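Here's a short set of exercises on side-chain interactions, each with a worked solution. Grab your viewer and try each task before reading on.

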Amino acid sequence: MSTALASPAALDSGQAPLRVMVVDDSVVIRGLISRWIDAEPDMVVAASLRTGLDAVSQVERANPDVVVLDIEMPDLDGISALPQLLARKPDLIIIMASTLTRRNAEISFKAMSLGAADYIPKPESTREIAAADIFKHDLIQKIRNLTAKRRRPAVVAAPPLAPREQAPKPTRAALAPAQSAPTLRPFGSLHPRVLLIGSSTGGPQALMTLVAGIESVIDTVPVLITQHMPPTFTTILAEHLARVAGRPVREGVNEEVVKPGRIYVAPGGRHMRVVRKSTGAVIALDDGPPVNFCKPAVDPLFTSAIDIWQGGILAVILTGMGSDGMRGGKQIVAAGGSVIAQDEASSVVWGMPGAAAQAGICAAVLPLQQIAPKLVRLFAGGHP
């Protein structure tokens, strides 16, 4: 167990470092993640454990903020340990870690439905681990972003006034909000002819909710989704979305013609764009470098669609880390299209939708539950 002290940065902010429990039966993975955590100025390893049974028995004593939980372990595996950990510490943030197999992808989806906050794919060999920069970057960013809401400084109430003491007149600065509300712009004047969706952390759950409520939209226009996910995971995501939507959902295939009545999901590890061919709009998969640290990324999909649908694009940016989708959204708006962002309160992480909202490109910033009804009205020709 680490005994690292809080960093000067953490102490200066008045916050204790994030306590992270690492649970994995691989001593190599445990050591690797633990070194990364202890090297961060705002994090400390609360415990490094081999099995889910160890985690359950020690979670109250170790008192972690975050658990990085392996799926396959002896004695008690990750999916079995998950509900027991949350029963002992309901506010615990749990990130499931697994190698990229279909079975593990299915288990990760089940874990998220049981209360896990997110998942992360692990390198499969020690050779990969030696150069696992993406794994390290994603893990550290997930830990920071998933804990960001609860670590915001609380508003401290002013002490009660003494008898006959007058309250000071509030200054303009004191009356100003901490962060200005996003400036909204009008919806585009053209009727939308395609729905584009971008999402990341918290996205699978948000997509399930959204897709369940837009059957009439799917029937009339193509729906294209980029969710930040690795290979295999996007295959499972498409299958889950198909069951929820009751409509065909599949990973995009190169040269496939884009048609109404279908949902196309960017395959893990490939950027998905759309291009104009004699047959109409078709899928174009791209094995280029990551964009915004992501592959697939949202911006390539958003920007490529402008050449085909111009101002007839309606884009939705859901919960997720970073700012992917904001630059593409700017171009969509400049072409006459519209952007809707999920609001902060309903987002697991208000990175992507927050970046779009603060950039002033959104026509609406809505709670997740209100986005589907809004889309149905807009695609039916109703008033924005």
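What follows is a handful of tasks, each solved step by step.

A quick note on the input: this is a predicted model, where local features need pLDDT of at least 70, side-chain atom pairs count only at pLDDT 80 or more, and totals for chains, interfaces and linings use all residues. Residues are numbered from 1 along each chain as its sequence is written, and side-chain values use heavy atoms, with hydrogens and water left out.

**Exercise 1. Salt bridges**

Task: find how many salt bridges the whole structure has, then work out which parts Lys122 and Asp24 tie together.

Solution:
- Step 1: fix the criterion, a side-chain nitrogen of Lys or Arg within 4 Å of a carboxyl oxygen of Asp or Glu. Searching the whole structure with that gives 14 salt bridges.
- Step 2: check the pair. Lys122 and Asp24 form a salt bridge, with 2.8 Å between the closest N and O atoms.
- Step 3: place the two ends, taking helices (H or I, at least four residues) and strands (E, at least two) as DSSP runs numbered from the N terminus. Lys122 is in the loop between β5 (118-121) and α6 (126-129), and Asp24 is in the loop between β1 (18-23) and α2 (27-39), so the bridge ties together parts 98 residues apart in sequence.
- Step 4: look at exposure, where buried means under 20% relative accessible area, exposed over 50% and partly exposed in between (1.4 Å probe, protein chains only). Both Lys122 and Asp24 come out buried.

**Exercise 2. Another bridge, and a network**

Task: classify Lys295 and Asp287 as buried, partly exposed or exposed, then find which residues are joined with Asp24 into one network.

Solution:
- Step 1: the side chains of Lys295 and Asp287 meet in a salt bridge, 2.8 Å from N to O.
- Step 2: Lys295 has a relative accessible area of 26%, so call it partly exposed. Asp287 has 55%, so that one is exposed.
- Step 3: now follow shared partners, and salt bridges join Asp24, Asp70 and Lys122 into one network.

**Exercise 3. Aromatic pairs**

Task: find the aromatic pairs in the whole structure and decide whether Tyr119 and Phe233 are stacked or edge-to-face.

Solution:
- Step 1: rings of Phe, Tyr and Trp (its six-membered ring) pair if their centres lie within 6.5 Å; planes under 30 degrees apart are stacked, over 60 edge-to-face and the rest tilted. The search finds two aromatic pairs.
- Step 2: Trp36 and Phe135 are edge-to-face, at 5.4 Å centre to centre with 70 degrees between the planes. Trp36 is in helix α2 and Phe135 in helix α7 (residues 133-147), so this pair ties together parts 99 residues apart in sequence.
- Step 3: Phe135, at a relative accessible area of 7%, is buried.
- Step 4: for Tyr119 and Phe233, the ring centres are 4.9 Å apart and the planes at 20 degrees, so the pair is stacked. Tyr119 belongs to strand β5 and Phe233 to helix α11 (residues 233-245), 114 residues apart.
- Step 5: both Tyr119 and Phe233 are buried.

**Exercise 4. Around Tyr119**

Task: work out which charged end sits over the ring of Tyr119 and what Ser108 is in contact with.

Solution:
- Step 1: the test asks for NZ of Lys or CZ of Arg within 6 Å of the ring centre and within 35 degrees of the ring normal. The charged end of Lys142 sits over the Tyr119 ring, 5.4 Å from its centre.
- Step 2: Ser108 is in helix α5 (residues 102-113), and at 1% relative accessibility Ser108 counts as buried.
- Step 3: using contact as heavy atoms within 4.5 Å, and leaving aside neighbours within four places in sequence, Ser108 is in contact with Ile71, Ser98, Tyr119 and Phe233.
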